[in-house]
Each structure stands twice: as C-alpha cells, then as structure tokens.
Amino acid sequence: RVQVLVKRARSLPLTDRYGLATPFVIVSVGKVFGRTEAAPASSEPWWNAQMEFPVDPDKMSRTVLSLTIEDVKSQLRWEPVAQLSVPLRELVARSVVEGWFVVRTLPPAADSPPLPPGSPEPSVFLAIRYLPPAAV
C-alpha cells in the first residue's frame with residue numbers, strides 16, 4: 001500500500017479576477033482515486049488529507065502517482081489549476097518521500113491576476129509512504 005498525505009500548497013495561480021481559488025486535490029495511483037475537501041479560498045491552501053492506495057509490490061517501479069489541483073467554480077464546474085506526476089520507483093529504495101513538489105500549472109483564465117513578483121514556484125507539500133505487505 002501507499003499512503004499519501006496532501007498537506008498544503010503554495011503560490012497556486014489565482015484563478016479569478018478577485019484573486020481567489022477554492023482548491024481541492026485529486027490523487028490517483030493506478031485506477032484508484034482519492035480527493036481532498038475544498039480548502040477555503042486561498043492561493044496557499046492547507047488540506048492535511050491522508051489517503052491510502054493499494055499497490056502491487058511487483059509493479060512499484062512502473063507505478064505513477066498522479067495529482068491534479070482543481071478549483072471549484074460552481075457546484076457543477078471545476079477548473080484544473082495544476083498537475084503533478086510522481087513515479088513511485090523512489091519508494092522502492094526509500095520507504096518515504098516527503099517535501100515540496102513543483103507542480104505544472106495549467107493555462108489560467110484570461111481574467112486571472114498574476115502572482116506577486118518573487119513568489120515561490122507553485123508547489124504542493126506531500127508525504128508519500130510505502131507500506132510493504134506484512135511478512136507471512
């Protein structure tokens with residue numbers, strides 16, 4: 001199994017003319033998905049959401065964790081803000097990978113204000129832990 005803690009993000013693109021975003025995160029490993037709750041309007045959201053995914057140990061070196069940060073535009077409409085892919089092969093040698101991961105931002109809406117000069121790169125803080133099968 002793989003446990004993922006989606007802790008927080010920084011310097012997310014401001015997705016509307018008022019400089020607000022109501023972001024949430026979708027994480028997938030293989031065909032299994034998890035989702036955080038939407039954070040209050042911010043470009044520096046906190047989620048502290050933990051998820052767990054089944055992973056075949058024999059396929060760890062070929063498995064990828066995919067993450068998309070979405071912004072809630074209305075009850076029925078979301079807009080992708082940023083994406084990240086993390087190959088889980090690093091967990092084969094180390095059981096934990098933790099820290100800031102730079103995300104690839106998606107083209108913002110035309111009315112989105114720019115980030116302030118000197119802002120850090122848009123990033124998400126993750127802790128990814130591999131829990132090997134228990135010995136029999």
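Here is a chat between a trainee and a mentor about the predicted model above.

Trainee: Let's start broad: what pattern of helices and strands does the protein chain follow along the sequence?

Mentor: Count the pieces to begin with: the protein chain has one helix and nine strands. Now read them off along the sequence, and the pattern is β-β-β-β-β-β-α-β-β-β.

Trainee: What share of the 136 residues is buried?

Mentor: A residue goes in that group if its relative accessible area is under 20%. Of the 136 residues in the protein chain, the buried part is 43%.

Trainee: I can see an open sheet of four strands, so which strands stand at its edges?

Mentor: Follow the order across the sheet, which is E4-E1-E9-E7 with antiparallel pairing. The strands at the two ends each have a single partner strand, so one side of each is left without a neighbour in the sheet. Those edge strands are E4 (46-53) and E7 (96-102).

Trainee: By how much are neighbouring strands of this sheet turned against each other on average?

Mentor: Take the neighbours in the order E4-E1-E9-E7. Ignoring direction, the average turn between neighbouring strands is 15°.

Trainee: Zooming in on E1 and E9, which residue in E9 is the bridge partner of Arg10?

Mentor: Strand E1 covers residues 2-10 and strand E9 covers residues 123-130. They run antiparallel and are joined by eight bridges. For Arg10, the bridge partner in E9 is Ser123.

Trainee: How far is Glu44 from Arg10 in space, C-alpha to C-alpha?

Mentor: Glu44 sits in the loop between strand E3 (32-35) and E4. Beyond its neighbours within four places in sequence, Glu44 touches Arg8, Ala9, Arg10 and Ser11. So even though Glu44 and Arg10 are 34 residues apart in sequence, their C-alpha distance is 4.5 Å.

Trainee: And is Glu44 buried, partly exposed or exposed?

Mentor: Its relative accessible area is 34%. Buried needs under 20% and exposed needs over 50%, with partly exposed in between. That makes Glu44 partly exposed.

Trainee: Which residue's backbone nitrogen lies 3.0 Å from a polar atom of the Glu44 side chain?

Mentor: Look among the contacts of Glu44, which include Arg10 and Ser11. The backbone nitrogen at 3.0 Å belongs to Ser11.

Trainee: Last one: whose backbone oxygen does the side chain of Thr63 reach?

Mentor: Find Thr63 in the loop between E4 and strand E5 (64-74). Thr63 is buried, with a relative accessible area of 15%, and its contacts farther along the sequence than four places include Val29 and Pro87. At 2.7 Å, its side chain reaches the backbone oxygen of Lys59.

How values were computed
Residues numbered from 1 in each chain as written. Predicted model: local features only at pLDDT ≥ 70, side-chain atom pairs only at ≥ 80, totals over all residues. Heavy atoms only, no water. Pairing = 2+ DSSP bridges. Axes fitted to C-alpha atoms, helices over the stretch in contact; angles between N-to-C directions. Buried < 20%, exposed > 50% of the residue type's maximum accessible area, 1.4 Å probe, protein only. Contact = heavy atoms within 4.5 Å. Polar contact = N/O pair within 3.5 Å; in protein donor to acceptor, adjacent residues only side chain to side chain.
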